[in-house]
Amino acid sequence: MISADVIRGYVDVLVLEALLEEPSYGYAISRRIELLAQGEYELKETTLYSALRRLEKNELITSFKGGQTHGRARTYYRLTDAGVAHYRAKVDEWYRTVDLIRRFIHDLPHDRMSTQEQGA
């Protein structure tokens, strides 16, 4: 499982990606993220809805009411042009970040890592 701290700055990217193809609603967005994460990351409901509010406030997505389910109309979210541009910029930033961090990562032989961990 990947730590939420590692993903924290990229939750918006996960949500925006889920909206690239078509508008969607909260539960479906959550399911898509869960499916793509393949059990390595769990997006909490509060985190998702905080991201949706933030993205809408920043005019990266818009919301609209869809059909009724169980007596309530679902709220759907759609990317704006600014949202697509923001997604692309964040993806580019991610690749630059990965390139930077790779400069600091060294493969250590397994036995050396075990020795260091034992001494800690």
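These are my notes on one helix, one surface patch and one tyrosine in a predicted model.

**Helix α3**

I started with α3, which runs over residues 26-37 and has 12 residues. From its first C-alpha to its last I get 16 Å, close to the 16 Å expected at 1.5 Å a residue. Next I asked which residues of α3 are buried. They turn out to be G26, I29, I33 and A37. These four sit on the same side of α3, because they cover an arc of only 65° around the axis. I then turned to the other side of α3, where Y27 and L35 are exposed.

What covers the buried residues of α3? My list includes α2 (11-18), β1 (24-25), α4 (45-57) and β3 (72-79). I also looked just past the helix: α3 is followed by Q38, and the phi of Q38 is positive, near 50°.

**Nonpolar patch**

On the surface I found a nonpolar patch of about 410 Å², made by L100, I101, F104 and I105. I picked out I105, which has its place in the loop between α5 (81-102) and α6 (110-119). Is I105 buried or exposed? Its relative accessibility is 55%, so I105 counts as exposed, the cut-off being over 50%.

**Y10**

Last, I went to Y10, in the loop between α1 (4-7) and α2. Y10 has a relative accessible area of 15%, so I put it down as buried, which here means under 20%. Leaving aside neighbours within four places in sequence, I see Y10 in contact with K90, E93, W94 and T97. I checked the pair Y10 and K90: they are 80 residues apart in sequence, yet 7.9 Å apart in space, C-alpha to C-alpha.

Methods:
Residues numbered from 1 in each chain as written. Predicted model: local features only at pLDDT ≥ 70, side-chain atom pairs only at ≥ 80, totals over all residues. Heavy atoms only, no water. Helix = DSSP H or I, 4+ residues; strand = E, 2+ residues; numbered from the N terminus. Expected span 1.5 Å × (residues − 1). Buried < 20%, exposed > 50% of the residue type's maximum accessible area, 1.4 Å probe, protein only. Arc of directions from axis to C-beta. Contact = heavy atoms within 4.5 Å. Patch = residues over 30% accessible without salt bridge, like charges linked within 9 Å, V, L, I, M, F, W, Y side chains within 5 Å. Areas by Shrake-Rupley, 256 points an atom, 1.4 Å probe, with all protein chains shown as cover. Salt bridge = Lys/Arg side-chain N within 4 Å of Asp/Glu carboxyl O.
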